[in-house]
Amino acid sequence: MALSIQSTETIASILQKVRDHYGEHCLDNDRVSDCYTIIDEFHANIKEHVATKIDSCQWFLEVVCDDGKVKLEFEYAGPGFDPTQSSPPGEQPVEARPIGGLGLAIMSQLSDEMNYRYENGTNKLTVALDTTLPREDDPCL
Amino acid sequence: MPLTIIEQYTSDEALSFELQGSLDSDTAPQLDERLAEAITPTTRLVAFNMAGVSFISSAGLRVIFKTLKLMKARKGQVSVSQMSKGVKKVFEIVKIMPDLTVFGDQAEMDEYLEAIQRREEL
């Protein structure tokens, strides 16, 4: 079952929800900080680009640990936006580069696979990360 | 995860902070405000010990990036030490590693700060 998250929630409370819901060990692998970063990037984008237009909004997250991968499945209702089309950061010197616009590139490059689809007014984004082999006592198994 | 910012060293030219927790969209404004208070017109080096940083996102990077741009405009520098593998990966994605002064450990950073202090005392 997916977690329901309000755009007004803090990232700390969202990550705690993930740990409470899926178990402390679900993301216990060498990609845990990548997962946290990706969840924060998604949430920050929702707050900046979706919630501001309709006050607050709700989005959904499901974490699936399967076959050496962690899949973060994000969903939210709203106008279609495909984050897989982001450009990588430019090569120009730091002095000439804009300070913002890095979030989607970070999401894309931290993941091993990103798939987006838009169905019936809902944005559905799946971000998959390869993990090291889980332990035998991993509750995700 | 909250962010704890510990000011380790302050002089006319240099500032050093130890960061503990996550540098994310909630906590980045806290670091931004702290730096705005601490950086003076004479600051030329801002150093961050990242050993306690569990993860960083673009919001946190923006603060580091903003500080780096300010220091570079003054011919100064931003240094980082003891980044975890995950944190370093994010820095590499946004391609700012070549612009940072990277120290392997706190001792190396301390030695560098002490050299600045000795120079200031002359």
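Chain B holds an open sheet of 5 strands, in the order E1-E2-E3-E4-E5, with mixed pairing. This is a predicted model. Two helices of chain B are described against that sheet: H1(B) lies across E1 and E2, while H4(B) touches E1, E2, E3, E4 and E5. In chain A, helices H2 and H3 pack with their axes 9 Å apart.

**The sheet of chain B**
- The edge strands are E1 (3-10) and E5 (101-103), each pairing on one side only.
- From one strand to the next, the twist averages 20 degrees.
- E2 (residues 14-23) and E3 (residues 45-56) of chain B run parallel, joined by 8 bridges.
- Gln20(B) stands opposite Gly52(B) of E3(B).

**Helices on the sheet**
- Helix H1 (residues 28-38) of chain B runs at about 20 degrees to E1(B).
- Helix H4 (residues 106-121) of chain B packs on the sheet, and strand E4 (77-81) is among the strands touched.
- The direction of H4(B) makes about 160 degrees with that of E3(B).

**The helix pair of chain A**
- H2 (residues 32-50) and H3 (residues 103-110) of chain A pack at an angle of about 145 degrees.
- The crossing of H2(A) past H3(A) is left-handed.
- H2(A) brings Asp34(A), Thr37(A), Ile38(A), Glu41(A), Ala44(A) and Asn45(A) to the contact.
- H3(A) brings Gly103(A), Ile106(A), Met107(A) and Leu110(A).
- The residues of this contact comprise 5 nonpolar, 3 polar and 2 charged.

Note on methods
Residues are numbered from 1 along each chain as its sequence is written. Chains are lettered from A and ligands numbered from 1 in the order in which they are written. This is a predicted model: local features need pLDDT of at least 70, side-chain atom pairs count only at pLDDT 80 or more; totals for chains, interfaces and linings use all residues. Axes are lines fitted to C-alpha atoms, for helices over the stretch in contact, and angles run from 0 to 180 degrees between N-to-C directions. Helices (H or I, at least four residues) and strands (E, at least two) are DSSP runs, numbered from the N terminus. A crossing is left-handed if the near helix is turned anticlockwise from the far one by less than a right angle, and right-handed if clockwise. Two residues are in contact if their C-beta atoms, placed from the backbone, lie within 7 Å. Ala, Val, Leu, Ile, Met, Phe, Trp, Tyr, Cys and Pro count as nonpolar, Asp, Glu, Lys and Arg as charged, and the others, Gly among them, as polar. Two strands pair if DSSP finds at least two bridges between them.
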